[in-house]
Amino acid sequence: MPLDPASAAPLLPTAYPVQDYDPLMKGMVIGGIGILHVFLASFAIGGGFLLWWFEWLGQTGREPLARRFIDSVFRALIFVSFIVGALTGVGMWLTAIQISSPTIGLMVDVFHWVWATEWLFFWLEVVAGYAFFRYGDRLDGRTRLRLLTIYSIAGFGSLFWINGILSWQLTPGEWVETGSVWAGFFNPTFWPSLLFRTVVCFTLAALGGTIVLNLVGGFTREERERLLHRISPFFLPMLAMPFLGAWYLAAMPEDSRDWILGGSMVINMFFNIAVGASALIGGYGVIALWRQRNFMNGATATLLAALAVGATGAGEFIREGVRKPYTVRETLFSTAVTPAQVATLRETGILATDPYPLRDPEAYPTDQLREGRLVYRNLCSICHTVHGAMALNALMGEWSIEQKRLMVAKLQWTGGYMPPFAGSAGELESLVQYIAWEHAKRPKEWRESRDPEVIEEIERMLEEATTLPSPAAQKAAAGEESR
Ligand code: HEC
């Protein structure tokens, strides 16, 4: 049954308690684990295909050295990254639940059966992988190849299913209107994202294989060269990367694309890092190894692998970055408030939905400061900290109190990566007072500021900002002026 997107996210940010990782911002915690996970899991998937390829070369007599390579540490390396990949996958769930339970809740709601299917594939991967790694030596050739076929296909299958859910977050497509699970799954960035990730899997496997080949003993220089040339086809898919990248960009929402191509300095910088690193890896892999049959030594391969870590990290950062201010575009802001809820929350206040106390209420001299801290926790802490990463103290501490009010009231107008403020005017004042108090190094005394004139002024600013996200807010405001 299709799910109505509007009712799919009735949860508010505080439906579950939130976890603080100060001085790291929450987004960074999940991003960090995510990057590690993607890297290891991609390597394990591509490595499965590389193992299959070598097993086949060996069994068909095309490459007598193949079996020795498989039985070297390469097999163990794939296994270890597969295990750590799975563990960090569980880590993703744990942090996602603590950081934004409404987001992960929506993902589970919408894609219940897709997750279940992904889980079955994962299971198959575990069983086939374990059987091969544990009993491979004792099995006959056909069974070995069969296990590797199952392992590779199951690994790719889990990528296939998870890719639909991840790409849906950036481009939910027609799901937003129809609520159709398949429209959400096969969304506009599904294919470019899947193919792109597949290329990454193959490249990482090729790099890993090259490093291992250089490190393990027992091969002569000539043998190494021969095996390297056998690995080199795994670099070839990289030739498609520029096209897949362009396709991916074209399928993205316009504002996301603009950020990547220069609109956001940070995201653009990561984009350039990813492109530059990929060009180096692909250029070296394809030209040197495959075309010219050059040798790649361990140092070069390790350097290229380090670049690959950078490129994978940058790629994931970009994907998360361009989705701002949403965790699911058009549907759920990063603060786990839905666009439709903003107008209501401006009336009722966000704190009416938050039953959880502060950890250290006695540290704050007034109720207003306690309230401000809670507003920060609900509406800012997913992307900012107070004194650590993306520190509000550094970003706005110096500003005058009026500037602070105006900026927070028009939050979505600042570059478009923040959602509209989803609280009442009184809460906004509490937040601004709280940040000023933190900037003043938490003095023991602080005056409460509940001047009705100030609150009225903030209400006017909030109205001017509208409850819409950017850029709709700016358009609506401009339309009002020209009328
Ligand atoms: C979805 C993530 C997100 C949320 C939620 C968010 N911000 Fe931001 N904010 C950002 C990003 C990204 C930047 C850009 C940082 C930079 O330029 O270094 C930013 C920048 C800022 C800046 C600096 C703006 C400038 O132009 O100098 C301030 C001030 C700020 N945020 C305050 C807040 C406050 C207060 C809240 C909570 C009411 C909040 N933000 C909620 C992501 C977010």
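Modeller: Before we start, one term: Ala, Val, Leu, Ile, Met, Phe, Trp, Tyr, Cys and Pro count as nonpolar, Asp, Glu, Lys and Arg as charged, and the others, Gly among them, as polar. Also, this is a predicted model.

Biologist: Okay. By class, what is in the shell around the ligand?

Modeller: That shell has 15 nonpolar residues, four polar and one charged.

Biologist: Which residues are the closest to the ligand?

Modeller: Ser334, Cys380, Cys383, Met396 and Met418 are the closest, out of 20 that surround the ligand.

Biologist: And which helix gives the most to that shell?

Modeller: Helix 17, with three residues. Helix 17 spans 392-396, and helix 18 (401-409) also supplies at least two shell residues.

Biologist: Switching topic. What domains does the chain have?

Modeller: The domain assignment gives domain 1 at 15-332 and domain 2 at 335-482. Their C-alpha centres lie 39 Å apart. The contact between them takes 17 residues from domain 1 and 19 from domain 2.

Biologist: Which helices supply the side of domain 1 that touches domain 2?

Modeller: Helix 2 (26-59) and helix 4 (73-110) each supply at least two residues there. By class, that side has nine nonpolar, four polar and four charged residues.

Biologist: How many residues are in the largest nonpolar core?

Modeller: 122. Among those with the most contacts inside the core are Leu304, Ile318 and Phe421. Helix 2 gives the most to this core, 14 residues.

Biologist: Why does the core lie between the domains?

Modeller: Because domain 1 and domain 2 both give residues to it.

Biologist: What is Ile318 in contact with, leaving aside neighbours within four places in sequence?

Modeller: Ile318 is in contact with Ile260, Ile267, Phe270, Phe271 and Ala274.

Technical notes:
Residues are numbered from 1 along each chain as its sequence is written. This is a predicted model: local features need pLDDT of at least 70, side-chain atom pairs count only at pLDDT 80 or more; totals for chains, interfaces and linings use all residues. Domain bounds come from an automatic or database domain assignment. Two residues are in contact if their C-beta atoms, placed from the backbone, lie within 7 Å. Helices (H or I, at least four residues) and strands (E, at least two) are DSSP runs, numbered from the N terminus. A nonpolar core is a set of buried Ala, Val, Leu, Ile, Met, Phe, Trp, Tyr and Cys residues joined through C-beta atoms within 7 Å. A residue is buried if 20 or more other C-beta atoms lie within 10 Å of its own, exposed if 12 or fewer, and partly exposed in between; C-beta atoms are placed from the backbone. A residue is near a molecule or strand if its C-beta atom, placed from the backbone, lies within 6 Å of it.
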